[in-house]
Amino acid sequence: MTEYDTVSADVEHEEEIPEDHPRYQDLLTRHRIEKGVEKGITHLQGMHAEGRGSAFDYLLGEATIPSAAAAERAAAAHLLCADHPVLSINGNVAALVPGEMTALAEATGADLEVNLFNRTPERIEAIADHLREHGAEDVKGLEADARIPNLDHQRAKVDADGIYEADVVLVPLEDGDRAEALNEMGKTEIVIDLNPLSRSPQVAEIPIVDNIIRAVPNMTEHAQELADADEEQLRAIIDDFDRDAALEDAEDRIRSGV
Ligand code: PTJ
């Protein structure tokens with residue numbers, strides 16, 4: 001199949017997308033976001049976010065570049081070392097990688113917490129149900145009994161025994177203000193974002209410039225492989241990772257196309 005062969009716009013099930021299509025991952029991603037909007041999980045703004053991400057991914061060659069692979073390993077090590085790791089879920093994350101986030105939570109002992117930019121009780125419930133349908137047992141974010149300081153009302157709502165007290169938080173596809181506010185709370189932030197210039201990866205201790213549909217399974221694989229590693233080995237992986245070099249490398253790849 002060539003890049004110019006088309007796939008019907010009204011694909012009902014993702015299995016109908018041919019895996020040998022050269023833009024398979026992009027078509028799959030778009031399809032999942034559309035389904036997410038239809039199910040009331042993903043906000044319409046999530047489509048714009050996806051379009052932006054897709055453009056960066058195209059320029060990165062739709063592949064995990066080596067600096068992102070190193071970030072994914074360091075992120076897995078951080079989650080394994082943490083006292084209380086939490087994986088934050090928004091409408092795009094829930095639509096794209098519900099089962100994969102559940103598997104990562106299981107491999108690292110992390111909690112899953114729904115935390116939305118455009119928060120409504122209906123979306124929170126729909127996302128929690130969707131995660132449960134994909135194997136999640138305990139989903140946080142419904143209590144919303146604590147607030148992230150210095151952030152306006154809806155976006156600041158978190159669970160007191162979840163993101164609020166977490167030491168390491170994975171915040172994928174996040175808006176910059178919230179990432180900065182979490183950073184100011186002193187949390188170790190792991191950010192997945194295809195735009196290396198976005199404020200979220202810029203403030204993260206571990207910025208992962210990769211498509212979330214590749215990044216999360218990669219992190220789970222690392223976590224499974226490192227399950228028996230001791231703290232010293234995990235800290236060595238974390239210390240070896242250079243966040244500034246990784247951000248620079250991703251930007252170079254996007255600008256140069258090499
Ligand atoms: O579900 P809600 O209400 O919490 O809203 C979620 C969105 C994503 C709409 C909201 O957080 C938002 O508007 O985010 P931004 O500011 O558009 O940022 C999203 C970032 O994610 C952008 O920098 C995109 O490049 C990046 N991105 C989009 N899709 C992917 C991605 N990064 C990795 N993988 C993707 N598939």
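This is a short talk about a protein and the ligand it holds.

Hi everyone, and thanks for coming. Please keep in mind that what you see is a predicted model.

Let's start with the ligand. Where does it sit? The ligand is found in the largest pocket. Helix H2, residues 45-59, and helix H4, residues 91-96, are the elements that each give two or more residues to the shell around it. Which of them gives the largest share of that shell? That would be H2, with six residues.

Now let's look at the neighbours themselves. In total, 23 residues surround the ligand, and the closest are Arg 52, Gly 91, Phe 117, Arg 123 and Asp 193. If we sort the shell by class, we get seven nonpolar, nine polar and seven charged residues.

Two of those closest residues are worth finding on your screen. For Arg 123, a polar side-chain atom lies 2.8 Å from an oxygen atom of the ligand. For Asp 193, a polar side-chain atom also lies 2.8 Å from a ligand oxygen. Then there is Glu 50: an N or O atom in its side chain is 3.4 Å from a nitrogen atom of the ligand. How much of the ligand does the protein cover? On its own, the ligand has 750 Å² of accessible area, and the protein covers 94% of it.

Let's leave the ligand and turn to salt bridges. The count comes to 24 in this model. One of them is between Asp 129 and Arg 132, where the closest N and O atoms are 2.9 Å apart. Why are these two about one helical turn apart? Both belong to helix H6, residues 121-133, and they are three residues apart there, so about one helical turn separates them.

To recap, we met a ligand in the largest pocket, with 94% of its accessible area covered by the protein. Thanks for listening, everyone!

Methods
Residues are numbered from 1 along each chain as its sequence is written. This is a predicted model: local features need pLDDT of at least 70, side-chain atom pairs count only at pLDDT 80 or more; totals for chains, interfaces and linings use all residues. Side-chain values use heavy atoms; hydrogens and water are left out. A residue is near a molecule or strand if one of its heavy atoms lies within 4 Å of it. A polar contact is a pair of N or O atoms within 3.5 Å; within protein, one must be able to donate a hydrogen and the other to accept it, and residues adjacent in sequence count only if both atoms are side-chain atoms. Accessible areas come from the Shrake-Rupley method with a 1.4 Å probe; for residues, only the protein chains shown count as cover. On a 1 Å grid over the protein atoms alone, a cavity is a set of points where a 1.4 Å probe fits but cannot get out, and a pocket is an open set with protein on both sides within 12 Å along at least five of seven lines; lining residues have an atom within 4 Å of a point. A molecule sits in a cavity or pocket if more than half of its atoms lie within 2 Å of its grid points. Helices (H or I, at least four residues) and strands (E, at least two) are DSSP runs, numbered from the N terminus. Ala, Val, Leu, Ile, Met, Phe, Trp, Tyr, Cys and Pro count as nonpolar, Asp, Glu, Lys and Arg as charged, and the others, Gly among them, as polar. A salt bridge is a side-chain nitrogen of Lys or Arg within 4 Å of a carboxyl oxygen of Asp or Glu.
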